[in-house]
Amino acid sequence: MVFRRSARRMRWLGCYRLGPLWKALLVFAVIAFAGQLLGVIFNKSWMQPERPHSLYALPSDNSQGDSLGSCQPHTHIMFLKTHKTASSTVLNLLYRFGEERGLKFALPMGYQFGYPMSFNAQRVKGYRGPRVAEFDIMGNHMRFNKPEVEKVMPADTFYFSILRDPVALAESSYAYYKNVAPAFRRAKGLGDFADNPYKYYDPRLRNNHYARNLMWFDFGLDHTSNFSLALVKRGVAAVRRNFKLILISEYFDQSMVLLRHALCWPLDAVVSFSLNARQHIPTGRSGWVGKAAAPAPLALTDKQRSKLREWNALDWHLYQAFNLTFWQDVERFGRSRMESEVALLRTKREVLTRICLRDGGRPIEASRIRDKTIRPFQSGLVKILGYELRSGLDNATWEACLRMIRPEIQYKDLLDLRQFPRAQQPPAAGGLPVKREPAILRTEDRGGKRLVEKDWDGTILFRNQSLEQVDSKVRLR
Ligand SMILES: Nc1ncnc2c1ncn2[C@@H]1O[C@H](COP(=O)(O)OS(=O)(=O)O)[C@@H](OP(=O)(O)O)[C@H]1O
């Protein structure tokens, strides 16, 4: 049939003047071409998942979520990156948004802005003084200090941050800062710590802020006074004054919807994969499996949970106050509108998972990630997980997917290099030469003896000392 049609078409094209050999050749060429075409289509549909015309767009969707009318997208943004609250996932989308639009980031010299010291504008790489407004986005870890931040960021900056239930945060913080916070280091487990925190906690020791009211501390609030409702009220009021939006980690997707509306961003810009997750291996009653220093120490009874809430009372009140505000915001936004946007966001995430990630998008241990440059930074008791990209992605897709899974430290290095190409590294504010710190926190352990432990910033936390020596030497406050 196909052959007869081709022969008719050739007659129409005047091929009847050709000899039989040429005719045969032409028929062969037509059939080969048709076969090739079919093969390409066939192969594509098998090799690639149905890929929409844009990486994010859904097959039935040529919008980017609800229209946001005529508002202008915010590009001056300050995100207070609180610790262990899903803040790396949030920072990733700020990095992506800024990178794609060529915005300028206020970056730290290392990986945090002099944390745990209070933020100082001089910590920003390339900072040239309070009247030189040249940064668009700021989001690395800091202890918030509004007057100093205002020196760096433009007057119309949108300030936002994120909070998490203090008990979940304590678990995450204990697992991550076990070797960094002296209070955690000495405790047998988080439950043991919760039962008697004063036995382990000395507020004068450096890095013990990771063990109590960490969010309150990150907001730059007074953490040295005794707990009182008046103190809480002042703290909550200060946060309300300084921040336009407080997200809630437990309701991450709803948070993303509120955020994208507040920023007038497309929904696509807030689709993300969870970064910096700790490995959970459920088994038996404890909920964990593992070897020696594995996560059994994280098990908590209900009583211990409520003790941790009491211990972190400032954080607990802060969280409750902004959880309430959050749901009032959702109410104002409209519950059903929120539900449909969250559903759209989740569908987009699923599509992207299929396009970008191996293993159905399950996060994996760093050691199993073949591309060493995207292995997440490791710290503490448990493994911090990352992702691997599917093979066979075209360049544009690969680049877009990579942006979504690139860990925070590597992403900061990349942006840093773009903003300050090596050849012209500016002197650090204050005239000190810039020292690029290695992108790895290390606990070197030889023969069971810990030699050096460095913080993200490259700060040496301790070196070749017993824990007791360390604790007595790192007194800061
Ligand atoms: N999307 C989303 N939703 C809810 N929770 C999330 C999300 N993304 C990351 N996470 C969890 O956040 C924890 C890591 O927090 P951070 O990235 O702020 O940590 S860090 O301070 O930057 O080290 C870490 O918590 P734990 O796994 O309990 O340790 C992550 O699993």
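How many nonpolar, polar and charged residues does the shell around the ligand have, by class? In this predicted model, that shell has four nonpolar, 11 polar and five charged residues. The protein also contains an open sheet of five strands with parallel pairing, and the points below take up the ligand site, the sheet and two backbone features in turn.

**Ligand site**
- The ligand is surrounded by 20 residues, and the closest are Lys81, Ser87, Ser88, Ser172 and Arg278.
- Helix H3, which spans residues 87-101, supplies the largest share of the shell around the ligand, namely three residues.
- Two backbone contacts with oxygen atoms of the ligand can be listed: a backbone N or O atom of Lys84 lies 2.9 Å from an oxygen atom of the ligand, and a backbone N or O atom of Ala86 lies 3.1 Å from an oxygen atom of the ligand.
- From a side chain, an N or O atom of Arg278 is 2.8 Å from an oxygen atom of the ligand.
- Taken alone, the ligand exposes 650 Å², of which the protein buries 89%.

**Sheet and the helix across it**
- The five strands of the open sheet follow the order S2-S3-S1-S4-S5, and the pairing is parallel.
- Strand S2 (105-106) and strand S5 (245-248) stand at the edges, where each has a single partner strand, so one side of each is left without a neighbour in the sheet.
- Strand S1, residues 77-80, pairs with strand S4, residues 158-163, in the parallel sense over four bridges, and Leu80 has Ser161 in S4 as its bridge partner.
- Helix H3 lies across S1, S2, strand S3 (137-138) and S4, and it runs at about 160° to S1.

**Backbone features**
- Most residues other than glycine have a negative phi, and most peptide bonds are trans.
- The peptide bond from Tyr115 to Pro116 is cis, with omega near 5°, and Pro116 is found in the loop between S2 and S3.
- Cys264, although it is not a glycine, has a positive phi of about 60°, and Cys264 is found in the loop between helix H11 (252-263) and helix H12 (302-311).

Conventions: Residues are numbered from 1 along each chain as its sequence is written. This is a predicted model: local features need pLDDT of at least 70, side-chain atom pairs count only at pLDDT 80 or more; totals for chains, interfaces and linings use all residues. Side-chain values use heavy atoms; hydrogens and water are left out. Two strands pair if DSSP finds at least two bridges between them. Contact means heavy atoms within 4.5 Å. Axes are lines fitted to C-alpha atoms, for helices over the stretch in contact, and angles run from 0 to 180 degrees between N-to-C directions. A residue is near a molecule or strand if one of its heavy atoms lies within 4 Å of it. A polar contact is a pair of N or O atoms within 3.5 Å; within protein, one must be able to donate a hydrogen and the other to accept it, and residues adjacent in sequence count only if both atoms are side-chain atoms. Accessible areas come from the Shrake-Rupley method with a 1.4 Å probe; for residues, only the protein chains shown count as cover. Ala, Val, Leu, Ile, Met, Phe, Trp, Tyr, Cys and Pro count as nonpolar, Asp, Glu, Lys and Arg as charged, and the others, Gly among them, as polar.
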